[in-house]
Amino acid sequence: MKADAVILAGGGSRRMGGFHKGNLKLGELTFTQHLIQQLAPQTNRIYLSCGENTPTDVPNCQIVRDEYSDCGPMGGLHASLKRCESDLLLVAACDTPLLTMEFYRYLCTFLGEHDGVVAIVNGRMQPLAAVYTKRLLPVFEACLREGNYRLRDALAQADVCYVELSDQPTLCAMLQNINTPQEYEQLLQQRAEL
């Protein structure tokens, strides 16, 4: 697969008490390291989209900073697509450590001529676990210039394929995101029981 990848790591981690979620550990590796381990063998390069407080000493990643500040994940997607050297960009949030290449390979089977593929779980869009093409760059740019930072609005202006994953329990489980200390404890307990 000829693609680049981005790990979105620019959030404030407020619900995690300010502790950067990408640095949470799952076994011996941090969440970010788990994602890199999955993405690196199958992609040309990995970008780490960082906020001001994000640790940037992450091996095997090129650091990307938002051109438009304080505009949420769209700023990171825009900056990453602008820097992207491949036509495809695989997107992962740093708080979804269970994502694997199996997830992205499945989404790519729906890409065709679409501008992107976004997972849907139980009717809920997952735009931070998606595959986007460079064709989305001008769409994000226009929305950012207008001050509209809602990803849903930007994607509605493009030819995006939405893939319902409710009948794919293995892929749905990969989308578990960790936002609070309680969710982190639950994840560690689940992994200990495996």
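A residue counts as buried here when its relative accessible area is under 20%. With that cut-off in hand, a look through this predicted model can start at helix H4, residues 137-146. The buried residues of this helix are Leu-137, Val-139, Phe-140, Glu-141, Cys-143 and Leu-144. In an α-helix, residues three or four places apart point the same way, because there are 3.6 residues a turn. As for what sits over the buried residues of H4, the cover includes helix H2 (73-83), strand S8 (124-133) and helix H5 (151-156). Just after H4 comes Gly-147, with a positive phi of about 80 degrees.

Strand S8 is also home to Val-131. At 0% relative accessibility, Val-131 is well under the 20% cut-off and so counts as buried. Setting aside residues up to four places away in sequence, Val-131 touches Leu-88, Leu-89, Leu-90, Tyr-104, Leu-107, Cys-108, Gly-116 and Val-117. Computed along the chain, Val-131 and Ala-40 are 91 residues apart, and their C-alpha atoms are separated by 16 Å.Next come the aromatic rings. Searching the whole structure turns up four aromatic pairs. In one of them, Phe-31 and Tyr-184 have ring centres 5.9 Å apart and planes at 70 degrees, so this pair is edge-to-face. The pair ties together distant parts of the chain, with Phe-31 in helix H1 and Tyr-184 in helix H7 (residues 181-193), 153 residues apart. Both Phe-31 and Tyr-184 are buried. Phe-103 and Tyr-104 make another edge-to-face pair, with ring centres 5.2 Å apart and planes at 85 degrees. Phe-103 has a relative accessible area of 1% and is buried. Tyr-104 is buried too, with a relative accessible area of 1%, and it is one of the residues that Val-131 touches.

Phe-31 turns up again around Asp-95, an acidic side chain tucked away from the surface: Asp-95 is buried, with a relative accessible area of 9%. Asp-95 lies in the loop between strand S6 (88-93) and helix H3 (101-108). Leaving out neighbours within four places in sequence, Asp-95 is in contact with Lys-21, Phe-31, Gln-176, Asn-177, Ile-178 and Asn-179. With Lys-21 there is also a polar contact of 3.0 Å, side chain to side chain. Lys-21 itself is found in the loop between strand S1 (3-9) and strand S2 (25-26). Its relative accessible area is 13%, so Lys-21 is buried as well. From Lys-21 to Gly-10 it is eleven residues in sequence and 9.9 Å in space, C-alpha to C-alpha.

Helix H1 (residues 31-39) also matters for a pocket, the second largest, where it supplies the largest share of the lining with three residues. The volume of this pocket is about 150 Å³. His-34, Gln-37, Gln-38, Pro-97, Leu-98, Leu-99, Thr-100 and Arg-191 line the second largest pocket. Sorted by class, the lining has three nonpolar, four polar and one charged residues.

After H1, in the loop that leads to strand S4 (46-50), is Thr-43. Thr-43 counts as buried, at 10% relative accessibility. The side chain of Thr-43 reaches back to the backbone oxygen of Leu-39 at 2.8 Å. Not counting residues up to four places away in sequence, Thr-43 touches Ala-3, Asp-4, Ala-5 and Leu-90. Leu-90 is also among the residues that Val-131 touches.

Two residues other than glycine have a positive phi and sit in exposed loops. Asp-70 has a phi of about 55 degrees, positive although this residue is not a glycine. Asp-70 has its place in the loop between strand S5 (62-65) and H2, and at 76% relative accessibility it counts as exposed. For Asn-122, which is not a glycine either, phi is near 50 degrees. Asn-122 lies in the loop between strand S7 (116-121) and S8. At 66% relative accessibility, Asn-122 counts as exposed.

Notes
Residues are numbered from 1 along each chain as its sequence is written. Side-chain values use heavy atoms; hydrogens and water are left out. On a 1 Å grid over the protein atoms alone, a cavity is a set of points where a 1.4 Å probe fits but cannot get out, and a pocket is an open set with protein on both sides within 12 Å along at least five of seven lines; lining residues have an atom within 4 Å of a point. Grid points are joined across faces, edges and corners, and a volume is the space filled by probe spheres set on the points. Helices (H or I, at least four residues) and strands (E, at least two) are DSSP runs, numbered from the N terminus. Ala, Val, Leu, Ile, Met, Phe, Trp, Tyr, Cys and Pro count as nonpolar, Asp, Glu, Lys and Arg as charged, and the others, Gly among them, as polar. Buried means under 20% relative accessible area, exposed over 50%, partly exposed in between (1.4 Å probe, protein chains only). Contact means heavy atoms within 4.5 Å. A polar contact is a pair of N or O atoms within 3.5 Å; within protein, one must be able to donate a hydrogen and the other to accept it, and residues adjacent in sequence count only if both atoms are side-chain atoms. Rings of Phe, Tyr and Trp (its six-membered ring) pair if their centres lie within 6.5 Å; planes under 30 degrees apart count as stacked, over 60 as edge-to-face and the rest as tilted.
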